Amino acid sequence: VSRLEQRMNLMEASFQREILEVKRAAAVELLAKSSAIESRLSSLQDETDRLKAKVMELDEENRRLEAAFKLHVKNSDWKHTAPRPPPDSYWIEKGYDYGDEDTTDDDYIDNINGEFFWRVGRQSKMLRSGICGLEDRTTEFYFGDGDNDSPLIRYDDALLPHWVEFRNSMRTWLLSSVRGTIERTYPFNVYIRNIELPANVVQELSKCFTLEGLGHMEVFCLERNGFQGSDGIDFALQIIQSQKKMIDFCFDRNPVDSDEDRQRLVDAIAGHPNISDCDLVGLCGGEINGHDYLVHILRKEKLQTLDFSNNSVMTAGQSTLFDIIKLHPNLVCLRLDHNHLNDEDAIHLAGALRYNRTLETLWLRGNRFTRMGVDILKKVMYDDSSLNAVADSNHVCIIE
């Protein structure tokens, strides 16, 4: 009996093991099937999310097209309210001093007709037709000519109705019926170059470019314009403070009358949440040392490109500027052409460049370097005096 019981116990143990193995196999198979089902459900959820996003995108596109169509229908009979540009004789009789003996009346007339009247009229019509924001690329608005040889477009009462017409067209677009029905706004860039802008024109432009609505400004460029007093700085500050999504700001060779105005502008740029590209050529006129303004704006860690040429920058032996360049985390391009940097500065700059690995292009034309300073900067780019020196050279930055 003892043997029989022992055998039965062995058989029962073997049977239990087989049952346990079957259960384990079933559990593994069930777990695999469960994982496969969960993976499939996750995949289906991802596909559902993608489809939902696509539907939302198409729905947004549909609303945008619908709003554009409504705007187009509303303005299908729209005609320019501003009068036609004056005849050529009108400008000849003005007898403007163009500031360049090679500039003729015909040159000025071609410039004002093509770079102002034609551009403003075309852009006003484009806004009224509802096509702004429909294309994938950013809409760009141009006023004046960026060519350095073009004469300044003088203010005249004949221009004001065209500014007002653009202002009204821009406001109509920004406040179109689609406003508030979409989650994002559409970028546009504004370039105003080589135009005399009195207070009444600045006021009209401020009314549309500081307005929140369908679009937002990404690039704002004021270049070589004629302003009265602090009007240019005040205008720029209004745009900077209202356009929080702006990434590129240019205030190039516009008149600035006081250190207070310069400081207000630099403070606004430094405190802006998104400006990463900046052009401040000629901010400091005459022999005003732009060093402290340059240092202040370079403390902005988001800054990627800066043009601070023609600003009489002198360090007076200070290393602050170069300490900032040395450790700047994002600076890619820096233009310091036509300043007052010297050989001592070249030594400090070389030290900074040995550590900085983000700066790709550095422009230094027209400074006060002698052959010694030039050689120092060349050597930091490539020093073949030893293998260690080669390794320590800056192989990223190009000095122009």
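At what angle do the axes of helix α3 and helix α4 cross? The model on screen is predicted, and this tour opens with that pair of helices.

**Stop 1: α3 and α4**

Select residues 105–129 for helix α3 and residues 160–174 for helix α4. Their axes come within 8 Å and cross at roughly 25°. Angles under 35 degrees count as roughly parallel, so α3 is roughly parallel to α4. The crossing of these two helices is left-handed.

Next, show the side chains where the helices meet. On α3, pick Phe116, Phe117, Val120, Gln123, Ser124, Leu127 and Arg128. On α4, pick His162, Trp163, Glu165, Phe166, Asn168, Ser169, Met170, Thr172 and Trp173. Colour this selection by residue class: the contact of α3 with α4 has 8 nonpolar, 6 polar and 2 charged residues.

**Stop 2: Arg167**

Stay on helix α4 and select Arg167, which lies in it. Is Arg167 buried or exposed? Its relative accessibility is 12%, and because buried means under 20%, Arg167 counts as buried. Now display what Arg167 touches: leaving aside residues up to four places away in sequence, the contacts are Glu204, Lys207 and Cys208.

**Stop 3: the sheet**

Switch to a cartoon view and select the strands. An open sheet is formed by 9 strands, in the order β1-β2-β3-β4-β5-β6-β7-β8-β9. The pairing is parallel. To find the edges, select β1 (139–143) and β9 (398–399). Each of these has a single partner strand, so one side of each is left without a neighbour in the sheet.

**Stop 4: β3 and β4**

Within the sheet, select strand β3, residues 215–223, and strand β4, residues 248–252. How many bridges join β3 to β4? There are 5, and the two strands run parallel. Two pairs of residues can be labelled here. Cys221 has Cys250 of β4 as its bridge partner. Glu223 stands opposite Asp252, also in β4. Turn on a surface over β4 and the strand is mostly covered, with 4 of its 5 residues buried.

**Stop 5: α10 and α11**

Move on to helix α10, residues 343–353, and helix α11, residues 371–381. The axes of α10 and α11 come within 8 Å and cross at roughly 5°. That makes α10 roughly parallel to α11.

For the contact, show Asp343, Ala346, Ile347, Leu349, Ala350 and Leu353 in α10. These meet Met372, Gly373, Ile376, Leu377, Val380 and Met381 in α11. By class, the residues of this contact divide into 10 nonpolar, 1 polar and 1 charged.

**Stop 6: two residues of α11**

Select Val374, found in helix α11. At 29% relative accessibility, Val374 counts as partly exposed. Draw a distance from the C-alpha atom of Val374 to that of Asn342: the separation is 9.7 Å, for residues 32 apart along the chain.

Then select Met381, also placed in helix α11. Met381 is buried, with a relative accessible area of 15%. A second distance can be drawn from Met381 to Ile398, where the C-alpha atoms are 7.7 Å apart and the residues are 17 apart in sequence. The strand β9 (398–399), seen earlier at an edge of the sheet, is where this distance ends.

Terms used:
Residues are numbered from 1 along each chain as its sequence is written. This is a predicted model: local features need pLDDT of at least 70, side-chain atom pairs count only at pLDDT 80 or more; totals for chains, interfaces and linings use all residues. Side-chain values use heavy atoms; hydrogens and water are left out. Axes are lines fitted to C-alpha atoms, for helices over the stretch in contact, and angles run from 0 to 180 degrees between N-to-C directions. Angles under 35 degrees count as roughly parallel, over 145 as roughly antiparallel, 65 to 115 as roughly perpendicular and the rest as oblique. A crossing is left-handed if the near helix is turned anticlockwise from the far one by less than a right angle, and right-handed if clockwise. Contact means heavy atoms within 4.5 Å. Ala, Val, Leu, Ile, Met, Phe, Trp, Tyr, Cys and Pro count as nonpolar, Asp, Glu, Lys and Arg as charged, and the others, Gly among them, as polar. Buried means under 20% relative accessible area, exposed over 50%, partly exposed in between (1.4 Å probe, protein chains only). Two strands pair if DSSP finds at least two bridges between them.
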